[in-house]
Amino acid sequence: TFVGHPLADEIPGDDDPLPHRDRLKLELDRPTVALLPGSRASELKALADVFVETSQWLNARHPEMQFIIPFVNRRTRVLFEEAIRRHEAWDLPITRFHGHSREVMAAADVVLLASGTATLEAMLVRRLMVVTYRVSRLSYWLMRAFSHISLYAMPNNLAGRHLVPELLQNDATPENLGAAVERYLSRPLYAREVLKTFETLAERLRGNASEQAARAVLEVLQMHKIPVTALP
């Protein structure tokens with residue numbers, strides 16, 4: 001039984017990042033890119049460097065751009081700061097936040113993020129995104145050899161096509177990721193079409209999912225004559 005997704009009921013989405021920037025005390029008129037390299041230490045170890053390098057690439061071409069990044073804990077922040085040190089990227093205009101990942105996404109024009117549930121949140125918030133991921137060579141080989149999956153980002157799976165860029169493994173270079181971010185900013189018609197599709201997909205997922213799921217479970221219990229009061 002398809003019941004939708006509770007996040008779609010929880011996240012309304014909007015088209016204006018400015019109120020969110022104002023709440024986060026960011027400069028309102030600067031193009032803004034949110035960086036979400038993941039919530040686990042292993043993800044930061046794999047992605048922090050390329051996120052910093054991509055930010056440097058974009059900053060060199062668009063010095064007016066600002067970057068924002070939320071951290072789930074001190075460990076992930078330390079790993080990202082170590083990547084900044086490795087690349088001597090002290091002058092990057094990156095504003096750090098503890099938590100507030102959804103608000104950070106909402107404040108952005110484009111979100112550069114690791115593949116995972118955050119891609120669904122970004123779609124529901126209705127923000128443009130570039131998706132990336134890196135795993136070990138062995139893990140990637142096994143994934144390709146034994147999996148039929150060809151689309152990884154959740155918006156792409158929902159759309160059944162490459163709606164948003166997903167750059168994995170060797171394709172996840174600063175130049176490729178930066179160019180994908182630029183494409184949104186330089187092609188407003190393309191960006192609007194992606195956002196329009198986001199809203200269509202979000203509407204399909206909305207519909208009081210938690211209640212619908214409970215009703216579906218109750219129907220099965222009733223079909224098998226299992227008294228609800230007998231459940232622990």
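This report walks through the sheet, two of the helices packed on it, the nonpolar core and one loop serine in a predicted model.

## The sheet

Start with the backbone of the fold: six strands make an open sheet, and reading across it the order is 3-2-1-4-5-6, with parallel pairing. Strand 3 (94-98) and strand 6 sit at the edges with a single partner strand each, so one side of each has no neighbour in the sheet. Going from one strand to the next, the twist averages 20 degrees.

For a look at one pairing, take strand 1 and strand 2 (residues 66-71), which run parallel and are joined over three bridges. Here alanine 34 is found opposite isoleucine 68 of strand 2.

## Helices on the sheet

Helix 3 packs on the sheet and touches strand 1, strand 2, strand 4 and strand 5. Its direction makes about 155 degrees with that of strand 4. Helix 9 packs on the sheet too, with strand 1, strand 4, strand 5 and strand 6 as the strands it touches. Measure its direction against that of strand 5 and you get about 170 degrees.

## A closer look at helix 9

Helix 9 covers residues 174-186, which makes 13 residues. From first C-alpha to last it reaches 18 Å, close to the 18 Å expected at 1.5 Å a residue.

Which residues of helix 9 are buried? They are Pro174, Leu177, Gly178, Ala180, Val181, Glu182 and Tyr184, so to speak a list with a glutamate in it. These buried residues pack against strand 1 (32-36), strand 4 (110-114), strand 5 (128-133) and strand 6 (166-168), and also against helix 3 (41-61) and helix 10 (188-205).

## The nonpolar core

The largest nonpolar core counts 64 residues. Leu35, Phe80, Met129, Val130, Val164 and Tyr184 have the most contacts inside it. Helix 3 gives the most to this core, namely eight residues.

Val164 is a handy one to click on. Setting aside neighbours within four places in sequence, valine 164 is in contact with Met129, Val131, Ala153, Asn156, Tyr184, Val194 and Phe198. Two of those partners, Met129 and Tyr184, are also among the core residues with the most contacts.

## Serine 115

Where does serine 115 sit? It is in the loop between strand 4 and helix 6 (117-125). Is serine 115 buried or exposed? Its relative accessible area is 19%, and the cut-off for buried is under 20%, so serine 115 counts as buried.

Leaving out neighbours within four places in sequence, serine 115 is in contact with Val131, Thr132, Tyr133, Tyr152 and Ala153. Val131 and Ala153 also turn up in the contact list of valine 164.

Methods. Residues numbered from 1 in each chain as written. Predicted model: local features only at pLDDT ≥ 70, side-chain atom pairs only at ≥ 80, totals over all residues. Heavy atoms only, no water. Helix = DSSP H or I, 4+ residues; strand = E, 2+ residues; numbered from the N terminus. Expected span 1.5 Å × (residues − 1). Buried < 20%, exposed > 50% of the residue type's maximum accessible area, 1.4 Å probe, protein only. Contact = heavy atoms within 4.5 Å. Pairing = 2+ DSSP bridges. Axes fitted to C-alpha atoms, helices over the stretch in contact; angles between N-to-C directions. Core = buried A, V, L, I, M, F, W, Y, C linked by side-chain atoms within 4.5 Å.
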